[in-house]
2 protein chains.
Amino acid sequence: MAFENYTIKDIAKALNLSTSTVSRALRDSYEISTDTKRMVLEYAAKINYRANPIARSLKEKKSYSIGVIVTEIANNFFSQVIDGIESVAYSKNYQVVISQMRESSVRERSNVEYLYSRSTDGLLIALSSETTDLSYLEQLMNKGFPIVFFDRVPNDLACHKVIADNRQGGFDAIQYLVRKGKRKIAHLTGTKKLSITMERLEGYKMGLEANGLPYLPELVKHCEYGGLHQDEIEQAVTELLQEEYDAIFISGDKLSMGYLQAMKARPGADLTKIDVTGFTNSKVVNLFSPPITAVRQPAFEMGEKAAELLIQQIESKHLIEEFETIVFPTTLIEQSVSD
Amino acid sequence: MAFENYTIKDIAKALNLSTSTVSRALRDSYEISTDTKRMVLEYAAKINYRANPIARSLKEKKSYSIGVIVTEIANNFFSQVIDGIESVAYSKNYQVVISQMRESSVRERSNVEYLYSRSTDGLLIALSSETTDLSYLEQLMNKGFPIVFFDRVPNDLACHKVIADNRQGGFDAIQYLVRKGKRKIAHLTGTKKLSITMERLEGYKMGLEANGLPYLPELVKHCEYGGLHQDEIEQAVTELLQEEYDAIFISGDKLSMGYLQAMKARPGADLTKIDVTGFTNSKVVNLFSPPITAVRQPAFEMGEKAAELLIQQIESKHLIEEFETIVFPTTLIEQSVSD
DNA sequence: CTGAAAGCGCTAACAG
DNA sequence: CTGTTAGCGCTTTCAG
C-alpha cells in the first residue's frame, strides 16, 4: 500500500474538494483554511501521496535536476567532486544527472545538448581536452541557461567558475623540490587548450624563476588527452628519459598515476633518484612506492561550491550580473618516509 | 529564468498543419506522407527544434532515465561500475541519475522513493550495510517497477542480480596465501547483513578447510559499516593485533585501503610479515608498499551488464518471469616484487 | 476561503 | 493521409 500512485484528483474526490483546493492545501497556500489544510494533509499522509514531479516540471518549466559533465567518473578527482555535488544537490532536493565525455569535444557537446534538451535546470562542467569552440555554450548561457564551470574553465566567458589555485600549487611543488636539492625539474602535463595546464605551467615557471633555474622547454611534455590513454604517457616518458632530470612535477591525477606505472615498468629507470610531485587526489598516496608528493585539491569542497553556485543561479529570480571565480587552495602532501 | 524554445505548435502554425500531424511526422509515423514528413523535418532542423521530454514523459509515463544508488561515488569499485552503467545508458539514450546512501538504510530508502516518484524508469542498486527490511523494494517491484541489484544483492527476491564470484574470489585468496606458506590467516570484512560479506566469508572458510586449516572465529573481524569510517577499521586492527596471524584476507575496497593505512600508522606493526590479500579495484595496487595482492572484480563490465538487464526489463512489453543472476569471475592480481 | 477552467507540450484515439 | 479532441497531473488565474 505504501506506493500507490495517487493523484491530487483522488484526494479531491475522497474529500469532496476541488483539485485546486487540494493543490493549494498541499502547497500550504495562505488562502486555504487551516481545517481544510489539515484534512488534506492528513489524508495525503495516510495514502502516502506523492506529487508527480513530471507534471509539476511541465507546469513550472523546472525539473529539479542538474547535469554534470566530466571526463570520466572513475577518477580520484572527479569522483570526489561529484561526491560534493551530490551532497549539496541531495540536501536541496535536486537530482544529479551524470555523463562522461572522455576528453572528446564531440561527446561533450552532444552531452550538453542532451542535458539541455532534457530540461535539466543547469549544468556543471569541466571542459574536455579537445574543446576550443565554446560558442555553443555561450549561446546557451545567453539564453539564460545556468552553467557553472569547475576545474577546466573557459578564459573569457562571463560565468561562475570554481577552481583550485593551480598556479600556487605548481609553484609550491617546485619550491618543495628545490628545497630537496633538485635542480633539473621536468614537467609532465596536459594539452595547452586547458586552463589547468596553463596555470600549472605558469606556477612551474614561476617556481623555476624564483630559484634562479632556467626554463628548459625540452623538459616539458604535453599529453594531448591528459593521459587518458597510457600510450601518451609512455611516449612522453620515453622522450623524457633521453633528457637529464632529477625531479618531475606532474599536472594531473591520471598523468601522475600513469607516470608512476610507466616508470615502474621500465627496469632501467632508477625510481629513487627522480623525485615525483604531482597533482593527484588519491587518498592513498602515502602508501605508494616509489613515493609521490601530492598536490591535492579540495575536490569535495569544490564540488559543493560549484553546486551551490549553480543552484543559487537557478533559483535566482533575475539574471546574474556579477559572476564569481572561486579559488580553492591546494595542499602539498609529503609522503612520510616511515618505511 | 525561462528561455524561449520552440514547440510542436510553432511548427504546426508555420507549416499550416495540425500539431498531431507534426507530432506524427516527427516520430516518423507510417500514416504521414513522405512529403509532409520531409517538410516538417526540414523546418524542425532549421529552427533547431527539440522536443520537450518532460511533456513526453508526462504523457508516456516514461522518462528515459535510470536511477543508481551506491554507498559512495568516490570509491574505486563503485565509480568503475558507474562508468560501465553510464556507457551503456549513453548508447541507449538514457540518462543516469546518481545518489549516494553512505551505508544508511534510511537514506537508501529515501533515495529509492525519490527516484521512483521522480519517474526514473528503473533502478540499479547495491544495498546498504544497514538494510534488513526489503519489503518496500519488493512492493515497488511487485508494482512492476524494474530494479536490478548489483554487488550487494538480496537473498530471496525474484529479480535480476549482477555479482562477482565472491566465494571463488575468497577461496582463491586463501589458496594463494597458503601457497605462500601462510597458516594463520585473518579475515577483515563487513556486516553479515550483506551478501558479499557472507559469500566471501564462505570462500574464506572453504579455503581454510581445503587446506586443513582450522577456522578461528577470533581471527574474523566485522566492520558494520564496511570501513566507511576509519574508526571501525582502527578498532578491528587493534583487536587483531592481539591475535597471532601471518596473513589477512580483506573483503572490500574501503576496508583494504583502510587496513593498509591503519597498519602504516602503527610504528610497531611489522608490515613485511603479514601478507595482505584483499578485494579492491584500485588501478594502482601494483604501486603499493606494503604490497597488497588484489582480488579484482570486473566492475566496469558488471555495470554494463546491470544497465543492459535493466534497460531490457524497462523496454520489455511483458512482465519478466525469469530472472537472471549473472556471476562474473574475479581476478587475483599479485604485485610484482620488482623493488 | 473555494471552485471552474485553462493550459504547460506532447501523444493518441477517433473521425473524417 | 490529416485534423479534432481529449487528456497526462499539476498550478494558477479568475470568479464567486
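The exercises below work through a predicted model with two protein chains, A and B, and two DNA strands, C and D.

**Exercise 1. How are chains A and B related to each other?**

Step 1. Superposing chain B on chain A takes a turn of 179° and a shift of 0.1 Å along the axis, and the RMSD is then 0.4 Å.

Step 2. The two copies are therefore related as by a two-fold rotation axis.

Step 3. The same surface serves both copies, since 95% of the contact residues of chain B recur in chain A.

**Exercise 2. Which residues of helix α4 in chain A are buried, and what covers them?**

Step 1. Helix α4 of chain A covers residues 53–60, and its buried residues are A:Pro53, A:Ile54 and A:Ser57.

Step 2. Viewed down the helix axis, these buried residues fall within an arc of 100°, so they line one face of α4(A).

Step 3. The cover over them includes two helices of chain B, α4 (53–60) and α6 (105–117).

Step 4. Now take the ends of the helix. At the start of α4(A), a side-chain oxygen of A:Asn52 comes to within 2.7 Å of the backbone nitrogen of A:Ile54. After the helix comes A:Lys61, which has a positive phi, near 55°.

**Exercise 3. Describe the protein surface around DNA strand D.**

Step 1. Strand D is surrounded by 26 residues, and the closest are A:Ile8, A:Tyr49, B:Ser20, B:Thr21 and B:Arg24.

Step 2. Sort the surface by class: 7 residues are nonpolar, 10 are polar and 9 are charged.

Step 3. Assign the surface to helices. At least two residues each come from α1 (8–15), α2 (19–26) and α4 of chain A, and from α2 (19–26) and α4 of chain B.

Step 4. Turn to the DNA side. Sugar or phosphate accounts for 58% of the strand D atoms within 4 Å of the protein, and bases for the rest.

Step 5. List individual polar contacts. A polar side-chain atom of B:Thr21 is 2.6 Å from a phosphate oxygen of strand D, and a polar backbone atom of A:Asn52 is 3.0 Å from a phosphate oxygen of strand D. A base is also reached: an N or O atom in the side chain of B:Ser20 lies 3.1 Å from a base oxygen of strand D.

**Exercise 4. Which residues come nearest to DNA strand C, and which of its atoms do they approach?**

Step 1. Of the 26 residues around strand C, the nearest are A:Thr21, A:Arg24, B:Ile8, B:Ser23 and B:Tyr49.

Step 2. Two of these have polar contacts with phosphate oxygens of strand C: B:Ile8 through a polar backbone atom at 2.7 Å, and B:Tyr49 through a polar side-chain atom at 2.5 Å. In addition, a backbone N or O atom of B:Asn52 lies 3.0 Å from a phosphate oxygen of strand C.

Step 3. Of the strand C atoms within 4 Å of the protein, 62% belong to sugar or phosphate and the rest to bases.

Step 4. Helices α2 and α4 of chain A and α1 (8–15), α2 and α4 of chain B each give at least two residues to this surface.

**Exercise 5. Is B:Asn281 buried or exposed, and what does its side chain reach?**

Step 1. Locate B:Asn281: this residue is in the loop between β9 (275–279) and β10 (293–296) of chain B.

Step 2. The relative accessible area of B:Asn281 is 1%, so the residue is buried.

Step 3. Its side chain reaches the backbone oxygen of B:Gln297 at 2.7 Å.

Step 4. Beyond its neighbours within four places in sequence, B:Asn281 has contacts including B:Asn76, B:Phe77, B:Gln80 and B:Asp253.

Terms used:
Residues numbered from 1 in each chain as written. Chains lettered and ligands numbered in written order. Predicted model: local features only at pLDDT ≥ 70, side-chain atom pairs only at ≥ 80, totals over all residues. Heavy atoms only, no water. Buried < 20%, exposed > 50% of the residue type's maximum accessible area, 1.4 Å probe, protein only. Helix = DSSP H or I, 4+ residues; strand = E, 2+ residues; numbered from the N terminus. Arc of directions from axis to C-beta. Contact = heavy atoms within 4.5 Å. Polar contact = N/O pair within 3.5 Å; in protein donor to acceptor, adjacent residues only side chain to side chain. Near = heavy atom within 4 Å. Nonpolar A, V, L, I, M, F, W, Y, C, P; charged D, E, K, R; others polar. Least-squares fit on C-alpha atoms with pLDDT ≥ 70 in both.
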